[in-house]
Amino acid sequence: MNFVKVFFENRNFDFNSDFELKQIYIYDNDDLTNKLKGNTFFYKSPENTKTSFYAISIEISNDELYEVRKYLWNEDKSDLFFTFDKKENANIYYAKSDPKSKVENYKIISFKGSEKDKEELERVNKWEFESGKFWLTYSDFLDKIKKSKRVDEKLIETLQGLRKSLHNEFNSENNKEEIVQALIDRTLYIKFLEDNHIINSFFYTHYFGDGSLTYSKFLKNNNVLDVNKLYKLINEIFNNFLFKIPVINENHLTNNVCQLIFNSVAGYNSNTGQLSLFDFQFNIIPIEFISYIYEVFLEEINEDNGIYYTPKKLAQLIIDDVIINNKLGKVLDPACGSGMFLVVAFQKLLEEKNLLNHNDIKSKSISEIIENRNKILQDYIFGIEKQETARRLCVFSLYLEMFRNIEPERIKKYIEDKLKTEDNLKLFPYNFFENIRLANSLDISEDRPFKDDKFDFIVGNPPFFKIKKNDDEINFVNEYQNTINGVTLQAKNIIGHNQISQAFLLKIKDWANYDTRFGFVVNNSNLYNEMSINFQKFFYTNYKLERLYELTRVKEILFRIAKESVNALIFSNNPIANNSFEYFPVENGLFSNYFDLLVIQEDKGFYINQDSVLNETIKLRDYLIGNDFDRSLNSSLLNNSIKLEELLIKNEKGKPYSYVGMEIVEEIPVCKEFNISKSQWDTFPKKTRYEYYNKFREIYTRKTKEPEFETEFVKSKNFHPFVLKNIDTYIGDINNFHRPRNIDIYNGNRILFKRVGATVISVYTKKAIYSNFDINTIKLTDEASYYLINAILNSKTINYFLNSFVRKRTLGSFPKISTDDILNIPIPTILDEDLVNEITLISKDLTEEKYIYDSETDNKLNELIFDLYGLTFIEKQRIKDFFIKKKDVTKVELEWYKKSLATSLEIYFENQPKIECYLGNFNLIVFGIYFNNSNKKEPSEKKISQFIIDKVLKENPNEKFLLLREKIIGQDCAYIIKNNNNINWTVSKAFEDAQDIIKKANG
């Protein structure tokens, strides 16, 4: 022990204040538990450094090492752990690896006291852990971290295996999914209860006359009566709530079923390397993992219903922003699912009441602790959920949370005392499960949930789907109204496109006080889409927005299956004039994918005036891609131009001539063709519908030109700049198709352009050609302008404008632009005649396929169009850089960046700053900018990048390596730190970085 203390104090730790003595309880291994007692210490690292660790100060065997690894993996609190032996050797292991994986694969470093080790030991000083720089030193280990699976992921794999096996046992049951889910739920609950000693030997002695019994023994012996008796007893303990439906009959608990569950619970044949539930210790697994289990098990149903699991890190971010100033108050989640928000809110309220404090727990009896926590639940935690399974999981999670941080031995003693004094075990003095209502939050009947209640905090992640005419929620859209500040608001006039999440944000007004605070995850189309303008006006008029976290770029690390991009909104119920809110464009950090980090970089946040958004002088969509420089460039394009719509002929209604094509295959014409009723069609599975679609195509289209099928039909895939290629569909009569449109749009001089995909590509044609729904057609008033406008539409300038400024569902799974967006394309008002003639000639030749559209022609045409718009060098460069393909940056590109950075900075300084580039670990590149010759003390060796990052972290104690800001200003120096992706090191980025450094340096 003395050696261990000296080891860490030599590394600049204060052993008495930096370490906490911890007790590890190894399940069913009292000898190891006692051995570790007084010999296990925990260092909690600063947030977002991922360097918390345990130190085991006593030598342990390989078998004991396995048990320790299993414990730490299950607990999921530490990132690393140290072990020491009698020879005073030390090892550092990664703590989050599957305990059945080879331990040597997750040993990071060993120290054996050699001269070489002395140098190595200098790399594990306290500041390396405090800053997170430890991971720079041992960056080679990160690939193993990426491949390892966390305890929650492995738990899901194990349960999915059990579910698959159980499914095979119930093939003849109509409700097999319900039965299988119920068996897994109950098994999981009982495992939680047994591991937490809530159900223990005293329990089994009291009710079954044998303290050696367990759930797994009942299963092993196929003791069906006792299994069902156990279910019944647990249900009574939890107020007859957990196991209500479905009923598990004796004929369901066959020998095979019991053995399958037994093998999973008891770890039978667990030496195969596959994990069983035996390998998971539910007394230490974080309670919030229950939500993760729910998400995966109900994934298919939830995806169809627009329901997505909220990860702990996102729920924590929102709860920390919503519940502030140490205030206790009633919390409602109106779409609570399995309870992630409510569990995190409950934890927050317990912290506010100091009920998780170690000293408080030790000084009070278990009865007092349970009563105090139970009272918090009863008084402050409320939820609404439509799905029974999710509701049960939510309530169970909250029940278990009441036992957090209580030592197992105390729980056992508490249960024993209860059983001695009570005929029926009653753990919880207050019945709170009715706080979680099985109901629809959008119910508007007299029986609606929490009809007359108000709440201090309302949080959640409501569904994202579009309400259909047969959905229960359609009544809310059609009939709900509310009077706010003397104005009667009707849901049907506010909710855009029947979006259910908008309905929730309207409904929460009913439950709000004047000072209620809100935190919600919402699909970002609510705030960006023109079809939701009325909702946006309602929201910005009636709420005070405080923070908006734009999460589009990080949805892959937040949601397993979500296709929709999302925002997290923090707002309150008391709007004020001239309010400004903070906007955070959240991006993946350098190490987000390694450590599953949600990185909020405060220095990237900025304020937006809410009234400006309400009045549409600012559009949030403009901030999705790009930055101030991009917005300035797009404004410049707009200010010196007219809109394309001014050049189009007008239709009979006086509107610009712009139309989309037709849909060959759609429900209505297919049903008509095959005499299928709407109700019958609705019962068909997708496969059957696709079969009918294909039959319809076979009747009305051909793959080659034939008599009666002579007209080409073009789709997005046929579009190439200036020409159509590889057409493989021909049609004749279009009257049988859905919305065939006026035949005029398929004839005459016109420009066709595809409105989906990464770029707009257009074609000028005079031929009779039919086009599908993803193709727009426009016609110009000036016949001579077709070649010029077609070239402009194909240019990088316009594609930059559309992608950075107007494209719908940017970064989404189906990016597209609308007809209105095309009409707003800027066309220069002042046209240089020579440029117009040259562009027109090239466009004409490309249209007539006199030569191919190669890179040389592309560059020439784009340079001419840059000049047509009067762009500066840096504006041209920004547009070019916008379209470069991502790859590792080259030395030549870095040299160009360096020169451009120097040029951009030199005008601000009398003495030109010196700029150095350092290449290092983690694919990081560091540029050092030194003023007043401040780099003279830097080392000259090539290993300098690590030295530079060390220096940055030491000089800026608040910096954390895993959260390094891109730009850090020091004394007489500045550092730019980014990964080696070429898009970070372009010429236009050099200009932007220089501007940013000047801005930061000045204040």
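Here are a few questions and answers on cores, one loop residue and a helix pair in this predicted model.

Local features need pLDDT of at least 70 and side-chain atom pairs count only at pLDDT 80 or more, while totals for chains, interfaces and linings use all residues. Residues are numbered from 1 along each chain as its sequence is written, and side-chain values use heavy atoms, leaving out hydrogens and water.

User: Which helix gives the most to the largest nonpolar core?

Analyst: Happy to look! A nonpolar core is a set of buried Ala, Val, Leu, Ile, Met, Phe, Trp, Tyr and Cys residues joined through side-chain atoms within 4.5 Å. The largest has 113 residues, and L183 and L398 are among those with the most contacts inside it. With 10 residues, the top contributor is helix α10 (residues 176-195; helices are DSSP runs of H or I, at least four residues, numbered from the N terminus).

User: Is T986 buried or exposed?

Analyst: T986 sits in the loop between β33 (973-979; strands are DSSP E runs of at least two residues) and α42 (987-1001). Its side chain makes a polar contact (N or O atoms within 3.5 Å, one able to donate a hydrogen and the other to accept it; residues adjacent in sequence count only if both atoms are side-chain atoms) with the side chain of D881 at 3.2 Å. Buried means under 20% relative accessible area, exposed over 50% and partly exposed in between, with a 1.4 Å probe and protein chains only. T986 has 7% relative accessibility, so it is buried.

User: What is the handedness of the crossing of α18 and α20?

Analyst: The contact (heavy atoms within 4.5 Å) involves F346, L349 and L350 of α18 with R373, I376, L377 and Y380 of α20. A crossing is left-handed if the near helix is turned anticlockwise from the far one by less than a right angle, and right-handed if clockwise. For α18 and α20, the crossing is right-handed.
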